[in-house]
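Hi,

Here is the structure I promised to pass on. Have a look at it first, and my notes come right after.

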Amino acid sequence: FISYAHQEADFVNQILLPQLEQCEPPFRICTHERNWLAGAYIPEQIIESVEQSRRTIIVLWQHFIESEWARMEFRTAHQCSLNEGRARIIMIKYGEIINSGLLDKELKAYLDMNTYLDWQDDRFWDKLRYAMPHRMGVKPNTDILEVNGRIYVMGQVERIYTLTAAGYEVT
């Protein structure tokens, strides 16, 4: 889920979304513009979007801290993260925060205690992809041991599989 003030819609829709949805592997992204139901209760949609997402990306700029809805999205994601005991928030500092006095104490404390990504960083995309959830690979089969081209399968009595040009052969 990407949380942002409407003033950052061009950045999110034209830069951030295409990069995340068209990379390899592609990420499925939720935004309020695309995925929320018209006429539905906004606080419920915020909660559902945050809970259904593995990460909440916050696009932080002056407009974000001035938006009551954006701050509610942060608080929801932060509370969800605390409840689960795991990092769920990816904070992107998109522009300068001119009036830091508007930062509520929860967001200020979060920024003081956690790292964030800076849009101006040369390695921004690498860092963002690293912070995103990764698909778990195929679990290695611990019942198979390969030594010098021979494969030993646990539980198989005296069967040794040898790799040949035609495939594996029992020897």
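Below is what turned up, starting with one helix and ending with the pockets.

Keep in mind that this is a predicted model.

The helix to find is α5, residues 68-84. Its 17 residues reach 24 Å from first C-alpha to last, close to the 24 Å expected at 1.5 Å a residue. Its buried residues are A70, R71, E73, F74, T76, A77, H78, C80 and S81. An α-helix has 3.6 residues a turn, so residues three or four places apart point the same way. As for partners, the buried residues of α5 pack against β1, α3, β2, α4, β3 and α6. Just after the helix, G85 has a positive phi of about 70 degrees.

You may want to know about the cysteines. A search of the whole structure turns up zero disulfides. C80, on α5, is buried because its relative accessible area of 11% is under the 20% cut-off. C23 is buried too, at 9%.

Now the pockets. The largest has a volume of about 470 Å³. It is lined by 16 residues, with F27, R28, I29, R54 and P133 nearest its centre. That lining splits into nine nonpolar, three polar and four charged residues.

The second largest pocket holds about 400 Å³. Of the 20 residues lining it, A87, I89, Y110, N114 and T115 are closest to the centre. Helix α5 comes back here: along with β3, α6 and α7, it gives two or more residues to that lining. The most come from α6, with four. By class, the lining has twelve nonpolar, four polar and four charged residues.

Cheers

How values were computed. Residues numbered from 1 in each chain as written. Predicted model: local features only at pLDDT ≥ 70, side-chain atom pairs only at ≥ 80, totals over all residues. Heavy atoms only, no water. Expected span 1.5 Å × (residues − 1). Buried < 20%, exposed > 50% of the residue type's maximum accessible area, 1.4 Å probe, protein only. Contact = heavy atoms within 4.5 Å. Disulfide = S-S within 2.5 Å. 1 Å grid on protein atoms, 1.4 Å probe; cavity = no way out; pocket = protein on both sides within 12 Å on 5 of 7 lines; lining within 4 Å. Points joined across faces, edges and corners; volume = space filled by probe spheres on them. Nonpolar A, V, L, I, M, F, W, Y, C, P; charged D, E, K, R; others polar.
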